[in-house]
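Trainee: Got a minute to go through this one with me? I'd like to start with the empty space.

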Amino acid sequence: MDTLNILLMGFISIVIVNNLVLTKFLGICPYLGVSGRIDMAFGMGMAVTFVVTLSGTLTWLIDHLILMPMGLEVTRYVCFILVIAGAVQLVEMYLRKFFPTLYESFGIFLPLITTNCAILGLCLFINLWGIDNLLEAVVLSFGAGIGFTMAICIMAGIRENLNLADVPECLKGAPITLITAGLLTLGFMGFAGMIR
Amino acid sequence: MANEADTAGRYKQTLLAGLWRENPVFRLLLGMCPTLAVTAALKPALTMGLCVIFVMLCSNIVVSLMRNLLKPHLRILMFTLTIATFVTIADLFLKAFQPRMSEILGPYVPLIIVNCIIICRAEACASKNALSLSIIDALGMGVGFTLTLCVLAGIREILSTGAIWEVAILPAGFVPWAAMRMPVGAFITLGLLLGLVNAASKKKT
């Protein structure tokens, strides 16, 4: 019961209260770049969720089973980025073989996930928060992906309507998107301090 | 002689491109995560900028030196590994000599690894050009990035605390805008700055 409670709280906290995009500024590039249409945004969110769950789990295992016992913490960043690049490659090959249509629709976004800071960021945060339980690490990574998907879908929904709005000439494109994102974070600030 | 003048002109152009015409943040919209995350005050922003200059300079040098050995399908991986190595050096250096700053910046120093600007410069410049041009390019881009960070951080620090570089400059009656320290301030200030830059560059052409 206690474990379930901790897991649930951790999940809600990373999805809403400590949302990686809106409070930690991670994954801003795809957040601004791919949020033009809601179906693309959702596809990106799903791909990120998968990769982040996989790499969050793997990096936790590598960190605790290999790097820490052997005192190789110095090479942590190099190892993490290798794991992430490998995980993305794996997902790419798997999708191309078994789900060609899905692979087509992801297109260029799949390799781009490697340089998505949300993923490396989450691996580092799991390390920073001192999560010492595999189950918790898995739940947190999955929650981070869901949080990213939620944020990017909300943004895409707003931007589809923003196309019809009368925006001043010089604010069109990226500036108005940033201002919208700012207002969105203002909304999410209401959740701050709810948990942890 | 004419050739020499040509080369010098090209160097100057590359150096200036990073500062304004191809400014990484305002024009290319690259490296947004650190731009937004570390600009709550001027000091961390400057530290971050210096780290990025160091990493970009070193990685451009290494990539430029090994550009003839790179295999096309492995190049991004090689870039990332090179960058990760130098970021580790920068991170350990900060931890040893600037522990307070290292604590404030936290995970954003290792996150330089996935900063798109550095990979972009390695790919677009260092993997195609000779050593000297790559160094100039890294300096131009790095200084452009640092200046942008400092402008943004300066605005946010003045409005959120009434001080700059932790020295109070606004009159005591100033009510600090707490929101400027929060994510909201980062997003909206950058959005408005981008709008200003757009308006300014439109007038010129």
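**Cavities, pockets and the interface**

Mentor: Helix 4 of chain A gives the largest share of the lining of the largest cavity, four residues. Helices here are DSSP runs (H or I, at least four residues), numbered from the N terminus. This is a predicted model: local features need pLDDT of at least 70, side-chain atom pairs count only at pLDDT 80 or more, and totals for chains, interfaces and linings use all residues. Residues are numbered from 1 along each chain as its sequence is written, chains are lettered from A in the order in which they are written, and side-chain values use heavy atoms, with hydrogens and water left out.

Trainee: What volume does the largest cavity have?

Mentor: About 50 Å³. A cavity is a set of points on a 1 Å grid over the protein atoms alone where a 1.4 Å probe fits but cannot get out; lining residues have an atom within 4 Å of a point. Points are joined across faces, edges and corners, and the volume is the space filled by probe spheres set on them.

Trainee: And which residues line the largest cavity?

Mentor: A:Thr59, A:Trp60, A:Asp63, A:His64, A:Phe80, A:Cys123, A:Ile126, A:Asn127 and A:Ile131. Helix 4 (38-70) and helix 8 (117-128) of chain A each give two or more residues to that lining. By class it has five nonpolar, three polar and one charged. Nonpolar means Ala, Val, Leu, Ile, Met, Phe, Trp, Tyr, Cys and Pro; charged means Asp, Glu, Lys and Arg; the others, Gly among them, are polar.

Trainee: What does A:Asp63 form a salt bridge with?

Mentor: A:Arg76, with the closest N and O atoms 3.1 Å apart. The rule wants a side-chain nitrogen of Lys or Arg within 4 Å of a carboxyl oxygen of Asp or Glu. This pair links helix 4 and helix 5 of chain A, 13 residues apart. Over all chains there are four salt bridges.

Trainee: Switching to the interface. How many salt bridges cross between chain B and chain A?

Mentor: Zero. Two residue pairs are in polar contact there, both at pLDDT 80 or more. That takes a pair of N or O atoms within 3.5 Å, one able to donate a hydrogen and the other to accept it; residues adjacent in sequence count only if both atoms are side-chain atoms.

Trainee: Which helix of chain B supplies the largest share of the side that touches chain A?

Mentor: Helix 8 of chain B, with 13 residues. That side of chain B divides into 27 nonpolar, six polar and three charged residues.

Trainee: How much area do the two chains bury between them?

Mentor: About 3100 Å², 85% of it on carbon and sulfur atoms. B:Cys33, B:Val114 and B:Phe187 supply 21% of the area that chain B buries against chain A, more than any other three residues. Buried area is the accessible area (1.4 Å probe) that two parts lose on being put together, summed over both.

Trainee: Back to empty space. How much lies in the largest pocket?

Mentor: About 900 Å³. A pocket is an open set of points with protein on both sides within 12 Å along at least five of seven lines. Its lining has 28 residues, with A:Pro111, A:Leu112, A:Thr114, A:Thr115 and B:Ile76 nearest the centre.

Trainee: And the second largest pocket, which residues are closest to its centre?

Mentor: A:Thr23, A:Phe25, B:Ala37, B:Ala40 and B:Arg181, out of 33 that line that pocket. The second largest pocket holds about 620 Å³. Helix 7 of chain B gives the largest share of its lining, four residues.
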